[in-house]
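Got the model open in your viewer? Follow along and I'll tell you what to select at each stop.

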Amino acid sequence: MKGVAVSAEDASSAETIVEIEWLPALHPQGYVLEWSGEGLRIGASAEIGLHYALITLEQLSKRKRQQPEWEHFRIEDEPVFPVRGVMLDIGRNKIPQMDTLYALIDRLSELKFNHLQLYMEGFCFDYAKYKASFPEAAPLTAAEFRELDAYARSRHIDLVPNQNCLGHMGPWLVKPEFRDLAEHPDGMEPPIPLPFKLPPTTMNPADERSAALAKDLFDELLPNFSSEYVNLNMDEPFGLGKGRSKERADEIGVGELYFDYAEQMFEVARSHGKKPMMWGDVLSHHPELIRRVPSDATVLHWNYDAPVPYEPHCRKLQESGVRYYVCPGTSTWSSIAGRTDNMLANIADAARSGQAYGAEGLIVADWGDGGHWQVSAVSYPAIAYAAGVSWQTEANADRMEALEEYVSTQMLKDRSGMGGRFLVELGRYSRLERSTIENGTYTAYLLGRGLSDRETLERDTAIRTEVLKLIGGSGTPFQVDYRYEEMEIWLRERQEELERLELEGPDAAIVRDELANTLWLIGQGAGLHRYIYRQGLEGATAEREWLGQLREQLETALSEFKRLWLARNREGGLSASAAAFAKLLSQYEDALRE
């Protein structure tokens, strides 16, 4: 079929002949774009391929304004991974406003993503049956999810429902009316000597009431989604088979206990016409369970630490004939500003190993651990990079300049062209910490932990290392060699760069303030370390003056944190997220009085 389009940049623009051709041999998401100098030809085999062709055409048109006239070009393009997605955590404190979610869907569409999940573990959906148990929550309603589903579908994005139903159920199990469903209702004694119990986060799969609660949740949630999939999660069931389900676990084994429960959840999914998804961490620890993975299930193979390779488990899943996706992370959680080096290596490894061993999709996870302090712009480089390597892995894996340019011009709308580089560098402040803290940054950890003396800090951090070791951490002893003077210089340089950005998007003022407060929080963490280790502070007067400065700076940062949170997100969860800052501020005041 053929048509005529008019280019309307100015009154003198000539008409351009546009020919749209159906090419059934193309990949459904593939397309051909060809410009002859006189006319434009677009070829596709499906509507989604035409959609991606038009996105590319729009991007080319924007670049054309800064480049010479093209005499001719031809583009033949299709993705490496059929499914390319983002998982945004709305289960830890931060539930976005609807406008924020609409903007996210628009951004993902521009990056040719076709899959989105909003991760839930607490009361993020307005479950009518259990609403009275969560009066503090500000959940998304059924009507809002239906609106998001339709909006995403119109942009060729599959909005997949997501609700945890075994592990990560702490927000439910902390409530008195659900506590009896926990594997360890009174907390779990760790297998190593610690001065506290681990809180209950895992439901007892041997208790039929656990499956009944999960069924209630899915029965109310799933009818609001048109997707043929649902992510049941079921990851990290800490303490499974060691509490109330121990008798059953001793009888059949922990792995079989887990999968018996999983099969109940599969049936709930199928009763709604959905295909189940599940995280793959339990399968990696119990490879004998892979034989039980049904043909309609998709395993989500996750790993967020760059030194840990994706290849072994990818190979195992392929050899077992299991359908799976690779799921790296943005590395922004528990970090304030991200961890750029880990992010790039982690996502590249996931894409390369997934491509080599038959993964059908790549989903990048943007988690909210540690209070979900990171602002959305901090995750832009990771999301753009994941989009690039999931579309064409080797073509985009090492194109850092192109990544920075796209983040600057398309995501930040920055006329200076420096914004992408600024965000990439923002995620490298941890280089100056020289710390062994895992899955986050030492600076963010300090802010969450609060004020103390050096001896207490190092003792408690050693305990943290042991706790993380229980759930897969390396167990590397805590060390830190904080370069405070270099950090001061780094912060000044980033502040100067931020002032030179020329942001033009509709949320430009908010983005600028969010990034400014991100720098304030990093500076607060750095200053807290200086105080605890008494770096360059000689005498009580100097210590008191520095403590006063920290208090004043934190008052400003906390006020901004709350204001900027409410500009994009619902109020529910704000007090929980800001609690560490409020506690630290109170500790400063107590210390100054003393």
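Start by selecting residues 83-89 and 115-119: these are strands β6 and β7, which run parallel to each other and are joined by 5 bridges. Strands here are DSSP E runs of at least two residues, helices are H or I runs of at least four, and both are numbered from the N terminus; two strands pair if DSSP finds at least two bridges between them. This is a predicted model, where local features need pLDDT of at least 70 and side-chain atom pairs count only at pLDDT 80 or more, while totals for chains, interfaces and linings use all residues. Residues are numbered from 1 along each chain as its sequence is written, and side-chain values use heavy atoms, with hydrogens and water left out.

Now show side chains. Leu88 sits opposite Leu118 of β7, and Val86 has Leu116 as its bridge partner. Is β7 buried or exposed? All 5 of its 5 residues are buried (under 20% relative accessible area, 1.4 Å probe, protein chains only). His115, Gln117 and Tyr119 are on one side, with Leu116 and Leu118 on the other.

Next, zoom out to the whole sheet. It is open, with 8 strands paired in parallel in the order β8-β7-β6-β13-β12-β11-β10-β9. Select 158-160 (β8) and 229-231 (β9): these are the edges, and each has a single partner strand, so one side of each has no neighbour in the sheet. From one strand to the next, the twist averages 25 degrees.

Then head for the second largest pocket. A pocket is an open set of points on a 1 Å grid over the protein atoms alone, with protein on both sides within 12 Å along at least five of seven lines; lining residues have an atom within 4 Å of a point. Its volume is about 1,200 Å³, counted as the space filled by probe spheres set on the points, which are joined across faces, edges and corners. Select Gln59, Arg63, Arg399, Ala402 and Tyr406, which lie nearest the centre among the 30 lining residues. Helix α13 (400-411) gives the largest share of the lining, 6 residues.

Last stop: the largest cavity, a set of points where a 1.4 Å probe fits but cannot get out. About 60 Å³ of space lies in there. Its lining includes Thr330, Arg339, Met343 and Leu423, and α10 (340-356) and α11 are the elements that each give two or more lining residues.

Methods. Axes are lines fitted to C-alpha atoms, for helices over the stretch in contact, and angles run from 0 to 180 degrees between N-to-C directions. Buried means under 20% relative accessible area, exposed over 50%, partly exposed in between (1.4 Å probe, protein chains only).
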